[in-house]
Amino acid sequence: MGKRKIGMWLYKNGGGEKIAKKIIKKLKERDISVLNDVNLRHAIAKNEHIIWNDKKLDKLDLFFSYNAGEQTQYQMYLYQALNRVIPMINSYEAFALTEDKFQTSFLLRNNGINTPDYKLCHRDDTFHLKEIIKKWDKMVYKPTDGWGGVGLTKIESEANLDMLLPFLNQMDLRFFYVEKFINYDNTDYRIDIVDGKFVGCYGRKAGGSDWRTNVTSGGSVFLREPNDEVVDLALKAAKVCGVDIAGVDIIYDRDKEEYVVLEVNGIPAFATPEQEKMGLDFNDKKIDLIVDLIDRKTKKEK
Ligand SMILES: Nc1ncnc2c1ncn2[C@@H]1O[C@H](COP(=O)(O)OP(=O)(O)O)[C@@H](O)[C@H]1O
Ligand SMILES: [Mg+2]
């Protein structure tokens, strides 16, 4: 029986390279070898094979894809094809879902998981948008495929919306996705989940007068103990989305007095070396759970 072999593509910045080394070492101890740095950008499909560096990726036992969230259409296209023939972490289907905020919110809400109230309407349906702002008084326009808080726009009045519409119309969007603006304390919970198990938690706080907690928007990370309610919510959200690995972002709605899931991230970053110094100590647990998961998913029958 052949030895197990997987492909891996993990981000390199923020301590990623060191994490990859640890994963490779631990997999080796279980007799699983790793083809590393497999960027599908450099792969080609040829008849029944997907070939990278003269290696047939379709012959691997599994592919672990953990790089930048925003992949190109080409990478996503091959991700999709490859996952038809070998297991991937995360699965293409789950990853594609979490890359889209509307699809994720819709599925979560349909499964009874709290999210901010949202509406999606056709780009020509400005009538609907105006009705919404009358009812909600504050809302957030969000690109459904964004990250890092980029492109989020707070709309605080009908006049505000009227001013913004010409710009939005110029952007050639297919639709508008808007969320009710949640009255919260400008902090969130990031809950890391692997294989249906809680891994770790930290908080983020928006910087200065910004209402977004993203580090790229000036937010900062702090140590935060989770409570059972947020952990439970994160576990449920990850399960509904079908992601093996998830980082679930949660905030507390002060008006409704309940926690809401803001988004499910399919490639949540490991703690960076600086964050580890701060006391975020979940990396080893996360690595162990990922190694266990890969081991289990590549177990050959017999
Ligand atoms: N409906 C909302 N109400 C209030 N604040 C929000 C809302 N949605 C997002 N935010 C803030 O904006 C940040 C970024 O939003 P998010 O949906 O996570 O998009 P991104 O993918 O860009 O991180 C969140 O971390 C949160 O601080
Ligand atoms: Mg976010």
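Leaving aside its neighbours within four places in sequence, which residues is Ile-23 in contact with? Select Ile-23 and look around: Met-8, Leu-10, Phe-64, Ile-287 and Val-291 are the residues it touches. Keep in mind on this tour that the model is predicted.

**Stop 1: the cores**

Stay with Ile-23 for a moment and widen the selection. Ile-23 belongs to the largest nonpolar core, which has 47 residues. Add Leu-57, Phe-63, Phe-64, Tyr-66, Leu-82 and Ile-294, which together with Ile-23 touch the most other members of that core. Now colour helix 9, residues 283–298. Helix 9 gives the most to this core, contributing 6 residues. There is also a second, separate core of 21 residues; to find it, select Leu-108, Ala-238, Ala-246 and Val-264, which are among its members. As background, nonpolar side chains tend to be buried together in soluble globular proteins.

**Stop 2: the sheet**

Next, show the strands in cartoon view. In what order do the 5 strands of the open sheet run? The order is 14-13-12-15-16, and the pairing is antiparallel. At the edges you will find strand 14 (220–223) and strand 16 (258–265), each of which pairs on one side only. From one strand to the next, the twist averages 35°.

Zoom in on strand 15, residues 245–253, where 7 antiparallel bridges join it to strand 16. To see one bridge pair up close, select Tyr-252 and its partner in strand 16, Tyr-259.

**Stop 3: helices on the sheet**

Keep the sheet in view and add helix 7, residues 228–241. Helix 7 lies across strand 12 (187–194), strand 13 (197–205), strand 15 and strand 16, and it runs at about 40° to strand 16. Then bring back helix 9, which packs on the sheet and touches strand 12, strand 13 and strand 15. The direction of helix 9 makes about 140° with that of strand 13.

**Stop 4: salt bridges**

Switch on the charged side chains: the model has 26 salt bridges. Side chains of opposite charge can pair when their charged atoms come close.

Start with Asp-284 and Lys-22, whose side chains meet in a salt bridge with an N to O distance of 3.2 Å. This pair links distant parts of the chain, since Asp-284 is in helix 9 and Lys-22 is in helix 1 (residues 16–28), 262 residues apart. Are these two residues buried or exposed? Asp-284 counts as partly exposed because its relative accessibility is 42%, and Lys-22 counts as partly exposed at 35%.

For a local pair, select Lys-134 and Glu-131, which form a salt bridge with their closest N and O atoms 3.4 Å apart. The two are 3 residues apart in helix 5 (residues 126–136), so about one helical turn separates them. Lys-134 counts as exposed, at 52% relative accessibility, while Glu-131 is partly exposed at 33%.

Now go to Asp-192 and Lys-286, where the side chains meet in a salt bridge at 2.7 Å, N to O. Here again distant parts of the chain are linked: Asp-192 sits in strand 12 and Lys-286 in helix 9, 94 residues apart. Both Asp-192 and Lys-286 are buried.

Finish by selecting Arg-4, Arg-30, Asp-292, Asp-295 and Lys-299, which are joined into one network by salt bridges that share partners.

Technical notes
Residues numbered from 1 in each chain as written. Chains lettered and ligands numbered in written order. Predicted model: local features only at pLDDT ≥ 70, side-chain atom pairs only at ≥ 80, totals over all residues. Heavy atoms only, no water. Pairing = 2+ DSSP bridges. Helix = DSSP H or I, 4+ residues; strand = E, 2+ residues; numbered from the N terminus. Axes fitted to C-alpha atoms, helices over the stretch in contact; angles between N-to-C directions. Contact = heavy atoms within 4.5 Å. Salt bridge = Lys/Arg side-chain N within 4 Å of Asp/Glu carboxyl O. Buried < 20%, exposed > 50% of the residue type's maximum accessible area, 1.4 Å probe, protein only. Core = buried A, V, L, I, M, F, W, Y, C linked by side-chain atoms within 4.5 Å.
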